[in-house]
Amino acid sequence: MDLLAPTSARIAAFGLGLLALISLGLQLYVDVTDPPGQTVGGAVWSMARYFTNLTNAIVTTLFLAVAFRGRWPGS
């Protein structure tokens, strides 16, 4: 079974991975700047409590890996 991703799929994976990365970055920025004095570590820890943020981190990792490696993850 060929696991190579076509070029259009790699471009789409890069776009979605970048979008997910931007959303995580914006959420981290809001969490750090909203309550004054919160550290980055504290903001990451509070973000990790929500499944939406964890799912965005997984999506970012998976899609950017497909975009850069050019292969779908194996079984």
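On the surface of this predicted model sits a nonpolar patch made of F14, L18, L21, I22, L26 and F68, with about 580 Å² of accessible area together. Helix α1 gives the most to the patch, with five residues. F68, another patch member, lies in helix α3. Is F68 buried or exposed? It's exposed, because its relative accessible area is 60% and the cut-off for exposed is over 50%.

Now for the inside. The largest nonpolar core has five residues: A5, A9, A13, V66 and A67. Two elements, α1 (7-33) and α3 (51-69), each give two or more residues to this core. A5 is a good one to click on: leaving out residues up to four places away in sequence, A5 touches R10, V66, G70, R71 and W72. Of these contacts, V66 is itself listed in the core.

Then there's helix α2, which spans residues 40-47 and has A43, S46 and M47 as its buried residues. Why are these three on the same side of α2? They cover an arc of only 100° around the axis, so they end up on the same side of the helix. As for partners, the buried residues of α2 pack against α1 and α3.

Here are the three groups side by side:

| Group | Residues | Value or partners |
|---|---|---|
| Nonpolar surface patch | F14, L18, L21, I22, L26, F68 | about 580 Å² of accessible area together |
| Largest nonpolar core | A5, A9, A13, V66, A67 | five residues |
| Buried residues of α2 | A43, S46, M47 | arc of only 100° around the axis |

Conventions:
Residues numbered from 1 in each chain as written. Predicted model: local features only at pLDDT ≥ 70, side-chain atom pairs only at ≥ 80, totals over all residues. Heavy atoms only, no water. Core = buried A, V, L, I, M, F, W, Y, C linked by side-chain atoms within 4.5 Å. Buried < 20%, exposed > 50% of the residue type's maximum accessible area, 1.4 Å probe, protein only. Helix = DSSP H or I, 4+ residues; strand = E, 2+ residues; numbered from the N terminus. Contact = heavy atoms within 4.5 Å. Patch = residues over 30% accessible without salt bridge, like charges linked within 9 Å, V, L, I, M, F, W, Y side chains within 5 Å. Areas by Shrake-Rupley, 256 points an atom, 1.4 Å probe, with all protein chains shown as cover. Salt bridge = Lys/Arg side-chain N within 4 Å of Asp/Glu carboxyl O. Arc of directions from axis to C-beta.
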